[in-house]
Amino acid sequence: MSDATFLAPTPHSLGVALGGGGMKGWAHLGVVSVLERHGLRPDVIAATSAGALIGVFWAAGYTLDEMRQLMREQKTASMFGIRFDGEGLFSQDGLRAYLSEHLGDTTFADLKVPLRVIATDLETGREVILRSGRVVDAILASSAMPGVFAPVDIGGRMLADGGLMNNVPVSALVHAGARHTLAVQLRRPKRRVSMRRGEPASPEEAVATGGRVGLGMWASRFTGRLARLRPGLPGGLDVASRALDIVTQQVEDLRLHFYPPDVLVSVDVSTTGLFSFSDDKEAIFDVGVLAAEQQEEEIADLARQIRG
């Protein structure tokens, strides 16, 4: 049973759910641009993982142009360093610093739009809906993929990736009392696991990250070395990415079956990997725009219903 059961509903007109999807999350901004074209602004947001990263800035009152500027300036590959404490392969210290720089000690109560952030309690296996405390901690918890990133301790609970339980959290909007719902799903069609391997980081890559070995560089070096030892096998992070896709998609489809949104924007992000750091962010943004425009008639109808 989800913690959502115990939340007292508060009436909201439009609820927007932003799904998780690693580096694919910038596509959400493309969808946001089309929603704003129709005058749609959320009265409540529920978000998971990468969706929570976009959702918190949106809820904090950042404009679309400001969020796009953050997208352009973000140096993703340098945000994740290697851990040596056994709690996870990579550290989120860089991401924490980035969020703290732009959000400081912002709490959920400080946000201009109510926000629900989804995480998973690793002890109980239950969905946790975070809506109080520091938003930075909540985003890190919702994004903490088990085995890759260390779980985050919030209130004595060890919390991890919300996508394990509710990757497109329309249910959280319903429990919050949203009368109309729109959800953005970052969907990767079925695909073969790539047999290509990474190569050791080049001097140019080292310069680009300031000499710091981040997740992207480390993964490239690791898979390159593995290729020489075990030729013919797919890269480790590619396998982890695909495995997470499979598990998340099954749960996601089930949750959307029971909690169908009024409008579901399904964004094809098949060309962007969960751990992709070098993808053109503007291209990812454009994919989100295209997906929303393909359902623009439904979005326009939703806008008319809300305006009455």
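## A tour from the α4–α5 contact outward

Select Leu95, Arg96, Leu99, Ser100 and Leu103 in α4: they meet Val135, Val136, Asp137, Ile139 and Leu140 in α5. By class, this contact holds seven nonpolar, one polar and two charged residues. Keep in mind that the model on screen is predicted.

**Stop 1: the two helices**

Now show both helices in full. Select residues 93-103 for α4 and residues 135-142 for α5. How far apart are their axes? They lie 10 Å apart, and the helices pack at an angle of about 145 degrees. Turn the view until one helix lies over the other. The crossing of α4 past α5 is right-handed.

Look again at the positions picked out in α4. An α-helix has 3.6 residues a turn, so residues three or four places apart point the same way. Leu95, Leu99 and Leu103 are among the α4 residues that meet α5.

**Stop 2: Leu140**

Stay in α5 and select Leu140. Is Leu140 buried or exposed? Its relative accessible area is 1%, under the 20% cut-off, so Leu140 is buried. Show what surrounds Leu140. Beyond its neighbours within four places in sequence, Leu140 is in contact with Gln92, Leu95, Arg96, Leu99 and Val152. Pick Gln92 from that list. The C-alpha atoms of Leu140 and Gln92 are separated by 7.5 Å, although the two residues are 48 residues apart along the chain.

**Stop 3: a charged network**

Next, select Arg96, Asp105, Arg134 and Asp137. Salt bridges that share partners join these four into one network. Two of the names are familiar: Arg96 and Asp137 also take part in the contact of α4 with α5. Side chains of opposite charge can pair when their charged atoms come close.

How many salt bridges does a search of the whole structure find? There are eleven. Three more pairs are worth a visit.

**Stop 4: Arg255 and Glu127**

Select Arg255 and Glu127. Their side chains meet in a salt bridge, at 3.1 Å from N to O. Arg255 lies in helix α9 (residues 236-258) and Glu127 in strand β6 (residues 127-130), so this pair ties together parts 128 residues apart in sequence. Switch on the surface and look for Glu127. Glu127 counts as buried, at 3% relative accessibility.

**Stop 5: around helix α1**

Move to α1, residues 27-37. Helix α1 is mostly covered, with nine of its eleven residues buried. Colour the buried ones: Ala27, His28, Leu29, Gly30, Val31, Val32, Ser33, Val34 and Leu35.

Then select the end of the helix. Arg37 counts as partly exposed, at 47% relative accessibility. The side chain of Arg37 meets that of Glu296 in a salt bridge of 3.1 Å, N to O. That pair links distant parts of the chain: Glu296 is in helix α11 (residues 296-307), 259 residues from Arg37.

Select Glu36 and Arg41 as well. Their side chains meet in a salt bridge, at 2.5 Å from N to O. Glu36 is partly exposed, with a relative accessible area of 28%. Arg41 is also partly exposed, at 39%. Before leaving, click on Gly39, just after α1. Gly39 takes a positive phi of about 75 degrees.

**Stop 6: Ser13 and His180**

Select Ser13, in strand β1 (residues 12-18). Ser13 is buried, with a relative accessible area of 16%. What does Ser13 touch, apart from residues up to four places away in sequence? The answer is Asp43, Ala178, Arg179, His180 and Ile306.

Follow that list to His180, in strand β9 (residues 178-187). His180 also counts as buried, at 15% relative accessibility. Not counting residues up to four places away, His180 touches Ser13, Leu14, Gly15, Asp262, Leu302, Gln305 and Ile306. Ile306 is on the contact list of Ser13 and on that of His180.

**Last stop: the whole chain**

Zoom out and show the chain as a cartoon. There are eleven helices and ten strands. Of the 308 residues, 53% are buried. Among contacts with a separation of 6 or more, 80% come from residues 24 or more positions apart. Finish with the surface switched on. The accessible surface comes to about 13,900 Å², and carbon and sulfur atoms hold 54% of that area.

Notes. Residues numbered from 1 in each chain as written. Predicted model: local features only at pLDDT ≥ 70, side-chain atom pairs only at ≥ 80, totals over all residues. Heavy atoms only, no water. Axes fitted to C-alpha atoms, helices over the stretch in contact; angles between N-to-C directions. Helix = DSSP H or I, 4+ residues; strand = E, 2+ residues; numbered from the N terminus. Left-handed = near helix turned anticlockwise from the far one by under 90°. Contact = heavy atoms within 4.5 Å. Nonpolar A, V, L, I, M, F, W, Y, C, P; charged D, E, K, R; others polar. Buried < 20%, exposed > 50% of the residue type's maximum accessible area, 1.4 Å probe, protein only. Areas by Shrake-Rupley, 256 points an atom, 1.4 Å probe, with all protein chains shown as cover.
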